[in-house]
Amino acid sequence: MAGLVVTMAIRPLVSMLMNKASSSLLDQYKVMEGMEEQHKVLKRKLPAILDVMTDAEEQATAHRDGAKAWLQELKTVAYEANEVFDEFKYEALRREAKKNGHYRKLGFDVIKLFPTHNRVAFRYIMSRKLCLILQAVEVLIAEMQVFGFKYQPQPSVSKEWRQTDYVINDPKEIASKSRDKDKVEVVGTLLRQANNADLAVVAIVGMGGLGKTTLAQLIYNEPGIQNHFQLLLWVCVSDTFDVNSLAKSIVEASPKKNDDTNKPPLERLQKLVSGQRYLLVLDDVWNREIHKWERLKDHLKHGGMGSVVLTTTRDEGIAKIMGADTHILRHLDDRFLKEIIEAGAFSSVEKKPAELVEIVDEIVKRCSGSPLAACALGSVLRTKTTVKEWKAIASRSSICTEETGILPILKLSYNDLPSHMKQCFAFCAVFPKDYKIDVAKLIQLWIANGFIPEHKEDSLETIGQLIFDELASRSFFLDIEKSKEGWEDYSSHTCKIHDLMHDIAMSVMEKECVAVTMELSEIELLGDTARHLFLSCEGTEGILNDSLEKRSPAIQTLICDSHVRSSLKHLSKYSSLHALKLCLGTESFPLKPKYLHHLRYLDLSYSDIKALPEDISILYNLQVLDLSDCHDLERLPRQMKYMTSLCHLYTHGCWKLKSMPPGLENLTKLQSLTVFVAGVPGPDCADVGELHGLNIAGQLELCQVENVEKAEAKVANLGNKKDLSQLTLRWTEVGNSKVLDKFEPHGGLQVLKIYSYGGECMGMLQNMVEIHLFDCERLQILFSCSAIFTFPKLKVLILEHLLGFERWWQIDERQEEQTIFPVLEKLFISNCGKLVALPEAPLLQGPCGEGGYTLVRSAFPALKVLKMKELESFRRWDAVEETQGEQILFPRLEKLSVKDCPQLIDLPEAPLLQEPCSEGGYSLVRSAFPALKVLKMKCLGSFQRWDAVEGTLFPELEKLSVQKCPKLVALPKAPKLSVLEIEDGKQEIFHCVDSGQQGEMEPEIPSYSYEAKMLQLILWSGCTRAMGLFCTSWRAGN
């Protein structure tokens, strides 16, 4: 592999050094006083090296060992020189902080914190270091003349990628079309194991880049599979098949994972699967040691009847070792490969030049049937515009063999990247294979290590996001997902790297990136060349302490993904750190800030610390401080205002934090502040007014609003921050307040969440996309207005524990024909005891049986999910009495859940609608819920009928759950029903199934799923009769 990829990402290192050497900060604080001449010489020499680097890289690519060795030495010197200039920069920042009074405020011996604070001593030490760097550069320049490196202009990086309209190829979308036959075949194999008492193993086998994992994902997410198996698990295995670690990963992948963390992993695994019909996907298996598989299998075979292990592997021999039923994945058809290449090569709006399209057929033949290779080639061709360039790619791509696979094409794709993108991607070798990478944190790590080139018009974060998007469009990143988890559903994007692309990154970085995921006894000590470390295993402290005792690697990135529970040693050897992530199981910070002067990124999330040391405020370079979910953290350092480089401060989930330190207005670069805790006003407590001049973006939560003086104006200021997209306001308890009576935030604020507000009504929030109201017990009316209004953007509305809420709005005119919520998709209402009805439904046109239209009422024409829970007074589907009996329609509702509504008697009257027939015409259905797929009803003591009119109420219903509805004695007509759940059902309800509705309930299913044709019935306590039912599962409740 190393022979295939030899292009090293060195140019960005030298460019970074040039930028540091030219920083105006160095002159401003005279930190290079007495070294001016060496400084000038170095700034003259560096451009000369950059001039010949393109030629040197080409010669190294041509396997000239001398050129490769020269580049390697240049890399070493560039790293050392960057560290030297980092020290100069820190000294400038230290002098700036001293000028602003930081020394006086620290209150302890600053000599211990700044050993070189004496200017004479600093000048002496640094001049020696600078001279050594200059000598090394002189040697490199002499050697480059001996090697005969010549000037070659560096091609200017096109900025077109910054406004790209290219669509990122989605492998799942491609596979859904091209691998449908494979999917049907494997799904059928899995379902046919239903009566098999032995553990079945099915293997998808094919070369790297064919789409084995993508096919497995399609199978895993297939509705028939999701319904068939009681437990679904997915684990990536990759290179290391350690039985205990793998068992632990399988358990952790389950939503039903048990809490017996002190028990052996295999015992926990056996308990997890015991009696459950499960599907376990083991992705990317390489293990050929049969005893390891047999040991794991001994614990997996305790699952229920029909359990299956689905594995993906490149090696058919591994499938035989596992005793698998093998499915060979063939090369992708050329027509799909051509589609992939053209999608990557051409803009979606431009016309495809005929002369270039003709060459695509030739390039398709070079892909070895691999969709990944086609994606890579398409992205390379995007930047080429002439026939000559395309033909050159076609000729250079004739290199895929059985031995090399598609790696040469991936190498070609990597070498086509601009140099700064090469470095950004190569850094990702620090993560283990199949690791889910947080995109925002990845970009912050790039910035911390200086990989992002500066640009006058855009922030580093913006440029970093553009670089990520470009790499993703070239298929360097896959499985890009938006996830919401943890604090206030804090949203983030994650991605993964294909294992072959990971191999490319590893070949570039070689031993600079080290990822340790196995036990300490199985790995070697860290080498001197290691710069970026990822540790995720037991004994992290031992690995670090033992390695640093014998060696001194210049570690720049240290990511510890497992808990650090004991002390770290050799603290001075962490002095080169730029980025650090520790999850501490101790109450104190284990490192000394005086050794962390160059730190830019510090992630202590989920740590047990109670406080940070006060001297952490000397980290003048720190840009990111992540303290999220440090549940025991009680205070922040009082002198944080001197950490003037800070851009991102994450404090969500710090429940014991009672205030913020004063002087936050000095942090002028601050862009992210997730939670501001308003303390009792005092000299050691920041006021929320200090945020007035800061450009806070993204999500912000203001806690303890009751402590804010002149709160109405200050909250209004937060609502008008143009880059803020989500604002949360939280009162400690409900009190008398009018802060939000006239609150009208700017149009860019999309999400508003309010907790324990004590007002009786709200201001107009018409530009919101999401509104969440919790525990606002005095709120009686959501909105009050003198004129007709609407919420044109609102998609999510959550109302929870509003004990006084009884009216939706108060206006002077009736909203007769105005739809208040035209685009609302999700509505959750919970514990609103005085609410009687949903809002007034205006008249809309609905299709009529004769081909015309009839008037129906719909307050929510776009609603997809409706959940109602604990509504003691709710009894009507419309707020206006006289509309009862008229037809109410929820045209797009897919999921309806109604629970604990004791006064609700029935569903709304259904209008007569047209439905397409299989013969091509239309049939008439009577349904208020024509699109409903899932219906859950629980604890409805008065509910007794579905609709007064005969007809098919739920033409699309797939899942019906009826629990504790004692007056319900019938089931509705639902021809596509596949899952019926009944708890405490009366005996009469089963006559609906016995008496011939069985046929009507039989769902239409794909041909491969013979078992899914049977109705799945889930019975809980109180169900005494179920004769004659077709069941795929029977689960008895308590």
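**Note on helix 12 and the five-stranded sheet**

1. Helix 12 and helix 14 cross in a right-handed sense. The axes of helix 12 (residues 243–252) and helix 14 (residues 290–300) come within 10 Å, and the angle at which they cross is roughly 40 degrees. On the side of helix 12 the contact is formed by Val 243, Asn 244, Leu 246 and Ile 250, while helix 14 contributes Lys 292, Arg 295 and Leu 296. Sorted by class, this contact comprises four nonpolar residues, one polar residue and two charged residues. The model under discussion is a predicted one, and the remarks here should be read accordingly.

2. The buried residues of helix 12 are Val 243, Leu 246, Ala 247, Ile 250 and Val 251. They lie on the same side of helix 12 because the arc they cover around the axis is only 140 degrees. A general point about helical geometry is relevant here: an α-helix has 3.6 residues a turn, so residues three or four places apart point the same way. The elements that cover these buried residues include strand 2 (231–238), helix 13 (265–273), strand 3 (278–285) and helix 14.

3. The sheet to which strand 2 and strand 3 belong is open, with five strands in the order 2-3-4-1-5 and parallel pairing. Strand 2 and strand 5 (325–328) stand at its edges, and since each has a single partner strand, one side of each is left without a neighbour in the sheet. On average, and with direction ignored, neighbouring strands of this sheet are turned by 15 degrees against each other.

4. At the strand 5 edge, the pairing with strand 1 (residues 200–205) is parallel and runs over four bridges. Within this part of the sheet, Val 205 has Ile 328 of strand 5 as its bridge partner.

5. Two helices that lie across strands of the sheet deserve mention. Helix 12 lies across strand 2 and strand 3, and its direction is at about 145 degrees to strand 2. Helix 9 (residues 180–191) lies across strand 1, strand 3, strand 4 (308–313) and strand 5, running at about 175 degrees to strand 5.

6. As to the chain as a whole, the secondary structure of the protein chain comes to 27 helices and 35 strands. Of its 1038 residues, 54% are buried. Among the contacts in the protein chain with a separation of 6 or more, 65% are between residues 24 or more positions apart.

Conventions:
Residues numbered from 1 in each chain as written. Predicted model: local features only at pLDDT ≥ 70, side-chain atom pairs only at ≥ 80, totals over all residues. Heavy atoms only, no water. Axes fitted to C-alpha atoms, helices over the stretch in contact; angles between N-to-C directions. Left-handed = near helix turned anticlockwise from the far one by under 90°. Contact = heavy atoms within 4.5 Å. Nonpolar A, V, L, I, M, F, W, Y, C, P; charged D, E, K, R; others polar. Buried < 20%, exposed > 50% of the residue type's maximum accessible area, 1.4 Å probe, protein only. Arc of directions from axis to C-beta. Pairing = 2+ DSSP bridges.
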